[in-house]
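Reader: Before I rely on any label attached to this structure, I would like to hear the reasoning that stands behind it. Could we go through the terms and set each value against its definition?

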Amino acid sequence: MNLKDKVCIITGAASGIGHGIAKRFIADGAKVAIADLNMDAAQKAADELTKGGKGEAMAVEMNVTDEGLVNKGVEAVVAKWGRIDVLVSNAGIQIVHPMQDFPFNEWKKLLSIHLDGAFLTTKACLPHMYKAGSGSIIFMGSVHSKEASPLKSAYVTAKHGLLGLARVISKEGAAHGVRANVICPGFVKTPLVEKQIPEQARDLGISEEEVVNKVMLGDTVDQEFTTIEDVAEVAHLFAAFPTNALTGQSLVVSHGWYMN
Ligand SMILES: NC(=O)c1ccc[n+]([C@@H]2O[C@H](COP(=O)([O-])OP(=O)(O)OC[C@H]3O[C@@H](n4cnc5c(N)ncnc54)[C@H](O)[C@@H]3O)[C@@H](O)[C@H]2O)c1
């Protein structure tokens, strides 16, 4: 099972988990489009990753909530490499507020990046995958696809929604050789999580140390953060898996925080 010469698009790959998945795929010989809002960071990541790996990277400017930019970005990848084998819909943000104070515009912003982003990127990639008769779509879910936490109404709603979307794509895509999966990580130390530590301390009225040790790691088996490498390994498994046997499944990667 390897990704040599497979053409992959990873959204939000200029930073954090998406960047780690790009690194893992390129180490295996894949061609990876680093699709991100932040074009300078995407270009920097693409240059560095191409230097270090067996595969190669290109940077693509993409706001995943903008249908025109998503379609343009996907077409740029097809123009360069001729096909799309793997989509990792990973771009995401976090916004935390108690439900009664959650500004409606922030609710809509979060849902749009996670859900419209997954919808638009999948919709743009599927015709290319159907034409080839194969493909893998991977959504970045979360333990919050299965579990709830205070302050995270928008995020928990969005991440639960991705499970449903992956199941529908599994059923529609099977006849065309297209698989869909969701990865559900626990807390991973990326900019998205670093930002939440002081915010949660403020909203929950506890110290930052308590946020880390109790809220984030309290239910793990080893008090360890999930690593970017843990998540990238699972992404590689789903992307390279040779049959439909795992399609529609979600896998929790959380050091035992959530078991199902
Ligand atoms: N870090 C965690 O603990 C954790 C846990 C579970 C799931 N996740 C999920 O993993 C994914 C990546 O998170 P991360 O922790 O690596 O975050 P991150 O902030 O390090 O990276 C997110 C990337 O997405 C990009 N992005 C944001 N909005 C975008 C948009 N509209 N269009 C295109 N790109 C956009 C950002 O520029 C950034 O490069 C998210 O979906 C997040 O919900 C993270």
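Reader: What makes β2, α2 and β3 a right-handed β-α-β unit?

Author: A word on the source comes before the answer. This is a predicted model, in which local features need pLDDT of at least 70 and side-chain atom pairs count only at pLDDT 80 or more, while totals for chains, interfaces and linings use all residues. Residues are numbered from 1 along each chain as its sequence is written. As for the name, a crossover is right-handed if, with the strands pointing away from the viewer, the path from the first strand over the helix to the second runs clockwise, and β2, α2 and β3 make a unit of that hand. The elements themselves are DSSP runs numbered from the N terminus, helices being H or I over at least four residues and strands being E over at least two. A right-handed β-α-β unit is also made by β1, helix α1 (residues 16-27) and β2.

Reader: How do you know that β2 and strand β3 (residues 56-61) pair, and in which sense do they run?

Author: Two strands pair if DSSP finds at least two bridges between them; β2 and β3 are joined by 6 bridges and run parallel, so the condition is met. Within this pairing, A33 stands opposite M58 in β3.

Reader: Which strands pair with β1, and over how many bridges?

Author: With strand β2 (residues 31-36), β1 pairs in the parallel sense over 5 bridges, and 3 bridges join β1 to strand β4 (residues 86-89), again in parallel. I9 shows both pairings, since its bridge partner in β2 is A33 and its bridge partner in β4 is L87. T11 has A35 as its bridge partner in β2.

Reader: Why is β1 called largely enclosed?

Author: A residue is buried if 20 or more other C-beta atoms lie within 10 Å of its own, exposed if 12 or fewer, and partly exposed in between, with C-beta atoms placed from the backbone. In β1 (residues 7-11), 5 of the 5 residues are buried, so the strand is largely enclosed by the rest of the structure. In a regular strand the side chains alternate between the two faces of the sheet. Both faces of β1 are covered, with V7, I9 and T11 buried on one side and C8 and I10 buried on the other.

Reader: What makes β2 earn that description?

Author: In β2, 6 of the 6 residues are buried, so this strand too is largely enclosed by the rest of the structure. K31, A33 and A35 on one side and V32, I34 and D36 on the other are all buried, which covers both faces of β2.

Reader: Why is Y130 called partly exposed?

Author: Y130, which lies in helix α4 (residues 104-132), has 16 C-beta neighbours inside 10 Å and therefore counts as partly exposed. Leaving aside its neighbours within four places in sequence, Y130 is in contact (C-beta atoms, placed from the backbone, within 7 Å) with H176 and V178. D47, in helix α2 (residues 39-52), is also partly exposed, because 14 other C-beta atoms lie within 10 Å.

Reader: What is notable about phi in Q223 and H255, and is each of them buried or exposed?

Author: Most residues other than glycine have a negative phi, and most peptide bonds are trans. Phi of Q223 is near 55°, a positive value in a residue other than glycine, and H255 has a positive phi of about 55° although it is not a glycine either. Q223 lies in the loop between α7 (208-216) and α8 and, with 12 C-beta neighbours inside 10 Å, counts as exposed. H255, in the segment after β7, has 20 other C-beta atoms within 10 Å and is therefore buried.

Reader: How do you know that the span of helix α8 (residues 228-240) is close to the expected one?

Author: The expected span is 1.5 Å times one less than the number of residues; α8 has 13 residues and reaches 18 Å from its first C-alpha to its last, close to the 18 Å expected. Its buried residues, including I228, V231 and F238, pack against β1, α1, β4, β5 (135-140), β6 (178-185) and β7 (250-253).

Methods. Contact = placed C-beta atoms within 7 Å.
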